[in-house]
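Subject: Structure handover

Hello,

Here is the structure I promised to pass on. Please open it next to this email, and my notes follow below.

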Amino acid sequence: MPRTFDPAPGWSPDGHRIKAPLDYERGPEKTWVYGALRVGDGKELTRCALSRNSKGYIALLTDIEADNPAGDIFIITDNLSSHNSLETRTWLEAHPRLHQIFIPTGACWLNLQEGWWRLFRRDALAGQSFANPKEIEQATRVATAQLNRRAKPWVWGRPARTPRHRRRLFSYRL
């Protein structure tokens, strides 16, 4: 049956929703954010780079080593090629304090860093529109500083139940 009225805004004359092309692209101005979470105190170290490669990852490792001057450092990481490249392995051999441990493929939920990324995206990137990489770097610095001010140790799993819960459970079962 033909229409006797104009279609609603956002619909084509033949009654189909108009599909706008996506405006997302990775042009020459892109930025990668590297991060390292210290689970003992909940502090984060972030760094921006123009590309995701071994050089950017080694720069993050250098920052991690400088931020933790004493003792061995165990880095739990995913299986990106830049984390296991010849350049990275050569650099790690020259820095024996750093020990890299890979999580199993497809088990990113084991990595406590992923939870921090969720908080970071919410605080730094959600609802934002950035004009250039410098603005992303600034948002990264600000969000990292804010999250580090309220940082707490990260623990995998749920907190233990309170003793009060057990008291109620006991009294209801009598």
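How many helices and how many strands are there in the protein chain? There are five helices and four strands. Please keep in mind that this is a predicted model.

**Overall layout**

Starting at the N terminus, the order of elements is β-β-α-β-α-β-α-α-α. The protein chain has 174 residues, and 29% of them are buried. Take the contacts between residues at least 6 apart in sequence: 60% of these join residues at least 24 apart.

**The β1–β2 hairpin**

β1 covers residues 32–38, and β2 covers 43–49. The two strands pair in the antiparallel sense, with seven bridges. They form a hairpin, and four residues lie between them. Look at Gly-42 in the turn: its phi is positive, at about 80 degrees. Two pairs help to fix the register. Trp-32 is opposite Ala-49 of β2. Ala-36 has Leu-45 in β2 as its bridge partner.

**β3, α2 and β4**

β3 runs over residues 73–77, and its side chains alternate. Ile-73, Ile-75 and Thr-77 point to one face and are buried. Phe-74 and Ile-76 point to the other face and are not buried. β3 pairs with β4, residues 98–102, in the parallel sense over five bridges. In that pairing, Ile-73 stands opposite Leu-98 of β4. The connection from β3 to β4 passes through helix α2, residues 86–93. This β-α-β crossover is right-handed.

**Gln-100**

Gln-100 is worth a stop. Its place is in strand β4. Is Gln-100 buried or exposed? Gln-100 counts as buried because its relative accessibility is 18%, below the 20% cut-off. Its side chain reaches the backbone oxygen of His-83 at 2.8 Å. Beyond its neighbours within four places in sequence, Gln-100 contacts Tyr-57, Ile-75, Thr-77, His-83, Thr-88 and Leu-92. Two of these residues, Ile-75 and Thr-77, are on the buried face of β3.

**Two loop serines**

Ser-51 sits in the loop between β2 and α1, the latter being residues 54–67. Ser-51 counts as partly exposed because its relative accessibility is 29%, which falls between the 20% and 50% limits. The side chain of Ser-51 makes a polar contact with the side chain of Asn-53, at 2.9 Å. Setting aside neighbours within four places in sequence, Ser-51 is in contact with Trp-32 and Tyr-34. Thr-31 is 20 residues from Ser-51 in sequence, yet their C-alpha atoms are 6.6 Å apart.

Ser-81 is in the loop between β3 and α2. Ser-81 counts as exposed because its relative accessibility is 65%, over the 50% limit. Its C-alpha atom is 9.7 Å from that of Arg-52, and the two residues are 29 apart along the chain.

**The largest pocket**

Now to the largest pocket. Its volume is about 1,100 Å³. It is lined by 38 residues, and those closest to its centre are Gly-35, Ala-36, Asn-111, Gln-113 and Trp-117. Which elements each supply at least two residues of the lining? They are β1, β2, α1, β3 and α3, where α3 is residues 113–125. The largest share comes from β1, with seven residues. Ala-36 thus appears twice in these notes: it is among the residues closest to the pocket centre, and it bridges to Leu-45 in β2.

**Trp-117**

Trp-117 is another residue from that central group. It is found in helix α3. Is Trp-117 buried or exposed? Trp-117 is buried, because its relative accessible area is 15% and the cut-off is 20%. Not counting residues up to four places away in sequence, Trp-117 touches Val-33, Tyr-34 and Gly-35. Tyr-34 is also a contact of Ser-51. Gly-35, like Trp-117, is among the residues closest to the pocket centre. Leu-37 and Trp-117 are 80 residues apart along the chain, and their C-alpha atoms are separated by 9.7 Å.

**Where to start**

I would begin with the pocket and Trp-117, then turn to β4 and Gln-100.

Best wishes

Note on methods. Residues numbered from 1 in each chain as written. Predicted model: local features only at pLDDT ≥ 70, side-chain atom pairs only at ≥ 80, totals over all residues. Heavy atoms only, no water. Buried < 20%, exposed > 50% of the residue type's maximum accessible area, 1.4 Å probe, protein only. Pairing = 2+ DSSP bridges. Right-handed = clockwise from strand over helix to strand, strands pointing away. Contact = heavy atoms within 4.5 Å. Polar contact = N/O pair within 3.5 Å; in protein donor to acceptor, adjacent residues only side chain to side chain. 1 Å grid on protein atoms, 1.4 Å probe; cavity = no way out; pocket = protein on both sides within 12 Å on 5 of 7 lines; lining within 4 Å. Points joined across faces, edges and corners; volume = space filled by probe spheres on them.
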